[in-house]
Amino acid sequence: MNATAGMILALAVGTYAFRLVGPALHGRVELPARVRELLSAGAVVLLTALLATGALTEGGGFAGWARPAGVLVGGVLAWRRAPFAVVVLGAAGTAAVLRLAGVA
């Protein structure tokens, strides 16, 4: 077995173990309210960082204005509880129209 296959196997076992821990410990471990609040806030921060990184950068540099505008439109549509297809098409359409107009 080469090193890549070993790493893939280790990640697969670790992922499966994480999936088993939730149901196995449900009801046995009680987290304090403060820890639950911090975990919730941490999840929001991580998702926001992922969104910003994906929306603003490409190849180590700025992605241009079309992509962040599309993400902004998609975010507004999602916030307004539009159907998922409308959110995706609105974001993609906004970026496409801006790129066609010459906004990089």
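**Figure 1. Helices and strands of the protein chain.** The protein chain contains 4 helices and 2 strands. In sequence order, these elements follow the pattern α-α-β-β-α-α. The model shown here and in the other views is predicted. The radius of gyration of the protein chain is 20 Å, well over the 13 Å given by the globule rule for 104 residues, so the chain is more spread out than a compact globule. Along the principal axes, the C-alpha atoms of the protein chain fill a box of roughly 55 × 45 × 25 Å. Buried residues make up 11% of the 104 residues of the protein chain. Among contacts in the protein chain with a separation of 6 or more, 36% are between residues 24 or more positions apart.

**Figure 2. Packing of helix 2 and helix 3.** This view shows helix 2, which covers residues 33–56, and helix 3, which covers residues 66–79. The axes of the two helices are 8 Å apart, and the angle between them is about 140°. Helix 2 and helix 3 are therefore oblique to each other, because angles over 145 degrees would be needed for the pair to count as roughly antiparallel. On the side of helix 2, the contact is made by L51, G54, A55 and L56. Helix 3 contributes R67, P68 and V71 to the contact. Sorted by class, the contact of helix 2 with helix 3 has 5 nonpolar residues, 1 polar residue and 1 charged residue.

**Figure 3. The aromatic pair of F62 and W65.** A search of the whole structure yields 1 aromatic pair. The pair is formed by F62 and W65 in an edge-to-face arrangement. The ring centres are 5.1 Å from each other, and the planes stand at 70°. F62 is partly exposed, its relative accessible area being 49%. W65, with a relative accessible area of 61%, is exposed.

**Figure 4. L31 in the loop between helix 1 and helix 2.** Helix 1 (3–25) and helix 2 are joined by a loop in which L31 lies. L31 has a relative accessible area of 37% and is partly exposed. With neighbours within four places in sequence left aside, L31 is in contact with R36 and L39.

**Figure 5. R36 in helix 2 and its contacts.** R36 belongs to helix 2. A relative accessible area of 43% makes R36 partly exposed. When residues up to four places away in sequence are not counted, R36 touches E30 and L31. The contact with L31 thus links this view to the loop between helix 1 and helix 2, where L31 lies. R36 and G61 are 25 residues apart along the chain, and their C-alpha atoms are separated by 36 Å.

**Figure 6. R81 in the loop between helix 3 and helix 4.** The loop between helix 3 and helix 4 (84–100) includes R81. R81 is not a glycine, yet its phi is positive, at about 65°. R81 is exposed, and its relative accessible area is 75%.

Technical notes:
Residues numbered from 1 in each chain as written. Predicted model: local features only at pLDDT ≥ 70, side-chain atom pairs only at ≥ 80, totals over all residues. Heavy atoms only, no water. Axes fitted to C-alpha atoms, helices over the stretch in contact; angles between N-to-C directions. Parallel < 35°, antiparallel > 145°, perpendicular 65-115°, else oblique. Contact = heavy atoms within 4.5 Å. Nonpolar A, V, L, I, M, F, W, Y, C, P; charged D, E, K, R; others polar. Phe/Tyr/Trp six-rings, centres within 6.5 Å; stacked < 30°, edge-to-face > 60°. Buried < 20%, exposed > 50% of the residue type's maximum accessible area, 1.4 Å probe, protein only. Rg over C-alpha atoms; globule rule 2.2 N^0.38 Å.
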